[in-house]
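Hi,

Here's the structure I said I'd pass on. Have a look at it first, and then read on for my notes.

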Amino acid sequence: MDIDALRSFLAFAETGSFTRAAKQINRTQSAFSAQMRKLEAELSVNLFEKSGRNLVLSEAGLALRTHAEQLVAMHNHALKQVKRYEGKRPLRLGCPEDYNDIILPQVIRVLSQADPTCSIQVFSEPSITLRAWLDEGKIDAAILTRPPDSEEGHWLASDQGVWIAGKTFTFDDTQPVPLALFQSDCKYHAAAINGLTKRGTPYRLLACCNTASAQRALVREGMAIGAMGRLSVTDDLNILDNMPALPAVDIVLVCGVQPHPLLDQTSIEHLTQRTANETERN
């Protein structure tokens with residue numbers, strides 16, 4: 001059954017008149033009558049009958065009315081749900097892996113609450129890669145570590161660098177300290193090397209990692225100590241005291257050249273405030 005025909009049928013059920021029903025749905029009376037005849041032919045029943053000078057619903061028409069109301073209501077609901085996605089495109093969001101555990105869920109939670117129909121594609125890559133992708137238009141926004149003395153992006157949180165070790169790690173004074181660090185473009189990498197050098201502490205660079213999970217795995221196994229942001233440290237690691245100071249960094253949201261509808265100015269202000277509050281609680 002055609003949904004428009006059912007809408008027209010319900011217009012008659014509400015008005016009790018072909019003339020008024022036709023006006024209500026902006027059709028001519030002849031077009032309305034033809035539509036009702038076609039509906040009756042499709043169902044092989046008479047939907048209308050004479051009652052004196054008036055036309056009323058037949059027994060079959062009364063039975064159809066209940067079903068027609070349900071079908072039209074379901075159709076309207078389906079249209080409303082689907083129309084919410086009209087013109088929408090996924091938000092392509094970059095996030096370094098070391099921010100996946102704490103910062104990323106907070107950002108996505110706020111975006112989802114602001115627009116439950118949003119679809120987000122997450123790309124976990126180092127900040128240097130994500131900046132290149134922003135410039136190339138491959139992603140719409142990225143969660144990044146802000147360079148020092150920069151006003152880049154919208155501030156989300158600050159993170160303090162810490163030294164980490166496995167639960168059973170012990171220092172061997174007869175051997176250089178084994179290190180598992182991020183790649184050399186990371187602030188913690190340079191600060192860790194400089195700090196140990198200034199102290200005169202011998203070290204051996206065991207591995208340079210481009211993900212937090214790789215660094216944590218090596219440290220967890222007691223193969224090395226590492227340096228990363230406190231937000232990326234998991235409960236199965238120890239934070240070391242009496243080590244060279246490591247810098248604090250700012251974590252920011254940087255938008256691409258072509259703004260995504262999910263990230264207008266109002267949304268960004270709400271996002272940064274909510275993320276900052278959630279980070280403080282954690």
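Let's start in the sheet, with one residue pair: Ala157 has Ile251 of β11 as its bridge partner. That pair belongs to a longer run, since strand β6 (residues 154-166) and β11 are joined antiparallel by six bridges. Before you go further, keep in mind that this is a predicted model.

β6 has other partners too. With strand β9 (residues 225-229), β6 makes four bridges, again in the antiparallel sense, and there you'll see Val162 standing opposite Met228. Strand β10 (residues 237-240) also pairs antiparallel with β6 over four bridges; in that stretch Ala165 faces Asn238. If you want to check side chains along any of these strands, remember that in a regular strand they alternate between the two faces of the sheet.

Now back to β11, which covers residues 248-255 and runs antiparallel to β5, with six bridges joining the two. An easy place to find this on screen is Ala141, whose bridge partner in β11 is Cys255. On top of that, β5 pairs with strand β3 (residues 91-94), this time in the parallel sense and over two bridges. Look for Gly94 opposite Ala142 to see it.

So how enclosed is strand β5 by the rest of the structure? Largely, because five of the six residues in β5 (residues 141-146) are buried.

One residue of β5 deserves its own paragraph: Arg146. Is Arg146 buried or exposed? With a relative accessibility of 12%, Arg146 counts as buried, because the cut-off for that is under 20%. Its side chain comes to 2.9 Å from the backbone oxygen of Glu152. Arg146 also makes a salt bridge with Asp250, where the closest N and O atoms are 3.3 Å apart. That pair connects distant parts of the chain, with Arg146 in strand β5 and Asp250 in strand β11, 104 residues apart. Unlike a buried residue, Asp250 counts as partly exposed, at 26% relative accessibility. If you leave out the neighbours within four places in sequence, the contacts of Arg146 include Arg131, Trp155 and Val252.

Arg131 and Glu152 turn up again, this time with each other. Their side chains meet in a salt bridge at 2.8 Å, N to O. Glu152 sits in the loop between β5 and β6 while Arg131 is in helix α6, so this pair ties together parts that are 21 residues apart in sequence. Arg131 itself is partly exposed, with a relative accessible area of 23%.

You may be wondering how many salt bridges there are by this rule. The count comes to eight. The general idea will be familiar: side chains of opposite charge can pair when their charged atoms come close. Another one to look at is Arg89 with Asp140, where the closest N and O atoms are 3.2 Å apart. Here, too, distant parts of the chain are linked: Arg89 is in the loop between α4 (59-83) and β3, Asp140 is in the loop between α6 (127-136) and β5, and their positions lie 51 residues apart in the numbering. The two ends differ in how they are covered: Asp140 counts as buried at 4% relative accessibility, whereas Arg89 is partly exposed, with a relative accessible area of 38%. Arg92 comes in as well, since salt bridges with shared partners join Arg89, Arg92 and Asp140 into one network.

Last stop, helix α8 (residues 212-220). Which of its residues are buried? They are Ala212, Gln215, Arg216 and Val219. These residues cover an arc of only 95° around the axis, which puts them on the same side of α8. What do they pack against? The buried residues of α8 pack against β6, β9 and β10, which you've already met, and also against β7 (177-182) and β8 (203-209). Right after the helix, look at Gly222: α8 is followed by this residue, and its phi is positive, near 80°.

If you only have a few minutes, I'd go to Arg146 in β5, then to its salt bridge with Asp250, and then to the buried side of α8.

Cheers

Note on methods
Residues are numbered from 1 along each chain as its sequence is written. This is a predicted model: local features need pLDDT of at least 70, side-chain atom pairs count only at pLDDT 80 or more; totals for chains, interfaces and linings use all residues. Side-chain values use heavy atoms; hydrogens and water are left out. Buried means under 20% relative accessible area, exposed over 50%, partly exposed in between (1.4 Å probe, protein chains only). Two strands pair if DSSP finds at least two bridges between them. The arc is that of the directions from the helix axis to the C-beta atoms. Contact means heavy atoms within 4.5 Å. A polar contact is a pair of N or O atoms within 3.5 Å; within protein, one must be able to donate a hydrogen and the other to accept it, and residues adjacent in sequence count only if both atoms are side-chain atoms. A salt bridge is a side-chain nitrogen of Lys or Arg within 4 Å of a carboxyl oxygen of Asp or Glu.
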